[in-house]
Amino acid sequence: ECFNDMQKSVNSIAAETEKLLKKQAKREKMEKAACDLKKFSDVLMVQTTLDALGSDITREHFKTGKHGAVVLTEDNLTSLDELYRLISPNRSEEDTKDTFMTKLNTSAEHLQGLIESRDKPACSTTYKELMETLN
């Protein structure tokens with residue numbers, strides 16, 4: 001009888017542990033999904049902001065601070081232009097599939113450095129400073 005009681009207790013503890021592990025795995029999966037969604041959101045923010053800087057009117061707003069735009073220096077704008085070229089690969093007629101994939105991977109590495117705000121040199125500044133400028 002004592003053995004049966006102990007076995008029931010062990011089974012109960014095992015079942016409870018399994019439930020907790022499943023809950024923890026589900027929580028971690030949801031946190032990872034939220035983190036991934038934030039990264040995608042950040043990439044879209046970077047792309048739309050850099051695309052907008054291609055417009056002379058928008059660029060002037062950032063130079064002067066019109067319409068609530070943050071004032072950016074010419075150095076800031078030059079760094080952002082350089083970043084745009086780094087993360088926006090162009091496909092040329094001469095590109096093979098492999099060379100274009102290499103360009104895409106290089107661009108992805110630059111985007112990753114930017115999104116993670118790495119304190120690593122890029123575009124005459126650092127990814128961290130570029131991300132602060134974009135935010």
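The points below comment on a predicted model of a single protein chain.

1. Secondary structure. The protein chain contains five helices together with two strands. Read from the N terminus, the order of these elements is α-α-α-α-β-β-α. The two strands therefore follow one another in the order of elements, with four helices before them and one after.

2. Overall dimensions. The radius of gyration of the protein chain is 25 Å, whereas a compact globule of 135 residues would have one near 14 Å. Along the principal axes, the C-alpha atoms occupy a box of roughly 85 × 45 × 25 Å.

3. Burial and contacts. Buried residues make up 21% of the 135 residues in the protein chain. Where contacts link residues at least 6 apart in sequence, 44% of them join residues at least 24 apart.

4. Surface and charge. The exposed area of the protein chain is about 10,100 Å², and 55% of that area comes from carbon and sulfur atoms. The protein chain carries 20 positive and 24 negative charges, and the mean positions of these two sets lie 6 Å apart.

5. Cysteines. How many disulfides does a search of the whole structure find? The search returns zero. For background, a disulfide is a covalent bond joining the sulfur atoms of two cysteines. Cys2 has a relative accessible area of 63% and is exposed, because this value is over the 50% cut-off. Cys35, at 42% relative accessibility, falls between 20% and 50% and so counts as partly exposed.

Notes
Residues are numbered from 1 along each chain as its sequence is written. This is a predicted model: local features need pLDDT of at least 70, side-chain atom pairs count only at pLDDT 80 or more; totals for chains, interfaces and linings use all residues. Side-chain values use heavy atoms; hydrogens and water are left out. The radius of gyration is taken over C-alpha atoms; the globule rule is 2.2 Å times the number of residues to the power 0.38. Buried means under 20% relative accessible area, exposed over 50%, partly exposed in between (1.4 Å probe, protein chains only). Contact means heavy atoms within 4.5 Å. Accessible areas come from the Shrake-Rupley method with a 1.4 Å probe; for residues, only the protein chains shown count as cover. Lys and Arg count as positive and Asp and Glu as negative; His and the chain ends are not counted. The place of a charge is taken as NZ of Lys, CZ of Arg, CG of Asp or CD of Glu. A disulfide is a pair of cysteine sulfur atoms within 2.5 Å.
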